[in-house]
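Colleague: I've got a structure open on my screen and I'd like to learn how to read it. Could you walk me through a few features?

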Amino acid sequence: MTQKQTLSFQAEVAQLLHLVTHSLYSNKEIFLRELISNASDACDKLRFEALNNTALYEDAPNLEVRVDFDKQARTLTITDNGIGLSQQEAIDNLGTIAKSGTREFMNRLSGDQKSDAQLIGQFGVGFYSGFIVADKITVESRRAGLKPEEGVRWTSGGAGDFEVETITRPERGTRVTLHVREDALDYLSTWKLKSIIGKYSDHISLPILMRKEEWKEGEEGKGGEMVLTDEWETVNQASALWTRPKKDISDEQYQEFYKQISHDAEAPLAWSHNRVEGSTEYIQLLYIPAHAPFDLWNREKAAGVKLYVKRVFIMDDAESLLPIYLRFVKGVIDSSDLPLNVSRELLQESRDVKAIREGSTKRVLGMLEDLAKLEKEEGAGEEDKAKYGKFHAEFGAVLKEGLGEDFGNRERLAKLLRFASTQSDAADVSFADYKARMKEGQEAIYYITADSLAAAKNSPQLEVFRKKGIEVLLMTDRVDEWALNYLHEFEGTPLQSVAKGAVDLGKLQDEAEKKAAEQAAETFKPLLEKLRAALKDKAQDVRVTTRLVDSPACLVASDGGMSTQLARMLKQAGQKVPDTKPVLEVNAEHPLVKKLDTSPHFDDLANILFDQALLAEGGVPEDPAAYVKRVNALLV
Ligand code: ADP
């Protein structure tokens, strides 16, 4: 490629650009943070590649970012001597968005500027944010290791396309030139730029340089003005934030650092900064975000914790540094023990990394426990009290995955979980709250899983518990049933699904009730036999139950079996499910059941009973047409 080429942006980029320029103008200044952050990343990449190839430093081993402007030309430039871009990289990286979930993200945009601006803050607009203040951007770059003649110039007005051409560029790295819009000319000021850098980029470990200004007297009679000199000075602290002592870092600085590494516009709920000493030494700075990112459910995405070794950025590595169920955590871990050229494979085997992972997991759980404590603390402010609830609403479902993934911390995790219950619609009941309210003689923590709160609340399996005033936890997250497979008890009290196995209310049932139940089982024996025969393809067993009050029948899973709800969910997700049939339980007191035996339509009624029980819990009869036919026949 020597002559100019004009290329089109990927559709998503064009869409994003439109959005950037139309919805982010209320917070224009972030463009500088994004561009400096890219420059800093480019330097990190160079340092990393140079570990195995020092020649990449050429004759410029000191990595830095320079910010400069030209009032006459109305340009603002951000120059780094990092890794740079090859021609192909410029085309790929500045013309497409590689992030996973981009399309899905775009689909969520509503067209409403305010909410879109928020979403976009989470997504991170990066390079394209330059177009908030520029009507044209020129990028000139040469990748480290390539010849000077292999440089590239990329230019775009931020509409549908961009141009690329080959240039000669002796210096390694990238210069981004913003041709500043009329309404953003106030950014062409040393004072303004310095104050933005101080706010957003102070903690960056690279020096950020700007030209010094000096007062120049005017011609006779005219006033003087500040002019730029050729002398450069460092305008940030240029030491990585996490390496500084805690007492020297303000809350604002912690929050700004979080925003930079997370691309989140909202402040985090909590953070924890520690220097861990002992057999493995490292610094951890971990944050709990206030809201879930758009791709929280993508378990494979790169996590938010960055690994550094002795201040050198190594990689984003999710799984080695924290378990997947803590994938919402953002932050930095800086080890002083790992070798600089550590590979992903090595990471997974390293004992130091295992220790870091364990230590960081404990730290995160500790932070969550502290937030949970605030909830009930007298004297805590309203905002602090609300924090744990906010966290749980956003990430509680992810945390539950930990029950199945992290056996060592299962008990701590169980204490952190919250649920809705028959006594509280808000998902704010902990196992401990539940236990404190248990009825005398109650020996288990009862729960039910369902697709929605409404379905859970209306579940016929709850009838007897309602009648007796026993609280039941209502679990409506998709992961609940799976997760609870791994939790059999909470502090000595067993957990019991009310939709599984026969109900055994134990001491909660009085003698008379027990007698009546036994009697019913006896008198219904012949009827049950007939039902079993009529439903042998559908039900594993048919039995009389005391759990129903108003409904004639319900379905339950056999003890240890999969609930019909979980089976349905797995099937929907395209997974193979062992074909276990549910148990049909009938209410001996219900008029429909009482009439059943003498009905001339026994077979039809039996099938209707079964299908209705299935419908009541949100399922669909296997043969809906047959069901309708049967009901209609009876109606006529
Ligand atoms: P992100 O940084 O989140 O990946 P950006 O839109 O900011 O997204 O940048 C896209 C890509 O362009 C980066 O991933 C990087 O590969 C490249 N890039 C941007 N700025 C620079 C730079 N100053 N030097 C080298 N590469 C850069």
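Modeller: Sure, let's start with a pair of strands. Strand β11 (residues 282-288) runs antiparallel to strand β14 (residues 330-335), and 6 bridges link the two. Keep in mind that this is a predicted model.

Colleague: What holds strands together in a sheet, in general?

Modeller: Backbone hydrogen bonds do the pairing, and the strands may be parallel or antiparallel. To see a case here, find Gln284: its opposite number in β14 is Ile333.

Colleague: In what order do the strands of that open sheet come?

Modeller: There are 5 strands, and the order is β10-β11-β14-β12-β13, with mixed pairing. The edges are β10 (270-276) and β13 (312-316), each of which pairs on one side only.

Colleague: By how many degrees are neighbouring strands of this sheet turned against each other?

Modeller: On average the turn is 15°, if you ignore direction.

Colleague: Now for another part of the chain. Which way do β2 and β8 run relative to each other, parallel or antiparallel?

Modeller: Strand β2 (residues 65-70) and strand β8 (residues 208-216) are parallel, joined by 2 bridges. Look for Val65, whose bridge partner in β8 is Ile208.

Colleague: And how many bridges join β8 to β9?

Modeller: That pair has 7 bridges, and here β8 and strand β9 (residues 225-234) are antiparallel. One pair to click on is Leu209 with its partner in β9, Thr234.

Colleague: Let's move to the ligand. Which residues come nearest to it?

Modeller: A handy way to read a ligand site is to list its neighbours and then look at single contacts. Around this ligand there are 13 residues, and those that come nearest are Asn38, Asp80, Asn93, Phe127 and Thr174.

Colleague: Where does the shell get its largest share of residues?

Modeller: From helix α2 (residues 30-50), which supplies 3 residues. Sorted by class, the shell has 5 nonpolar, 5 polar and 3 charged residues.

Colleague: What about the single contacts?

Modeller: Try Asn93 to begin with: a polar atom of its side chain is 3.1 Å from a ligand oxygen. With Phe127 it's the backbone that takes part, as a polar backbone atom sits 2.8 Å from an oxygen atom of the ligand. Thr174 uses a polar side-chain atom, 3.2 Å from a nitrogen atom of the ligand.

Colleague: What percentage of the ligand's exposed area does the protein bury?

Modeller: The protein buries 78% of the 530 Å² that the ligand exposes when taken alone.

Technical notes
Residues numbered from 1 in each chain as written. Predicted model: local features only at pLDDT ≥ 70, side-chain atom pairs only at ≥ 80, totals over all residues. Heavy atoms only, no water. Pairing = 2+ DSSP bridges. Helix = DSSP H or I, 4+ residues; strand = E, 2+ residues; numbered from the N terminus. Near = heavy atom within 4 Å. Polar contact = N/O pair within 3.5 Å; in protein donor to acceptor, adjacent residues only side chain to side chain. Areas by Shrake-Rupley, 256 points an atom, 1.4 Å probe, with all protein chains shown as cover. Nonpolar A, V, L, I, M, F, W, Y, C, P; charged D, E, K, R; others polar. Axes fitted to C-alpha atoms, helices over the stretch in contact; angles between N-to-C directions.
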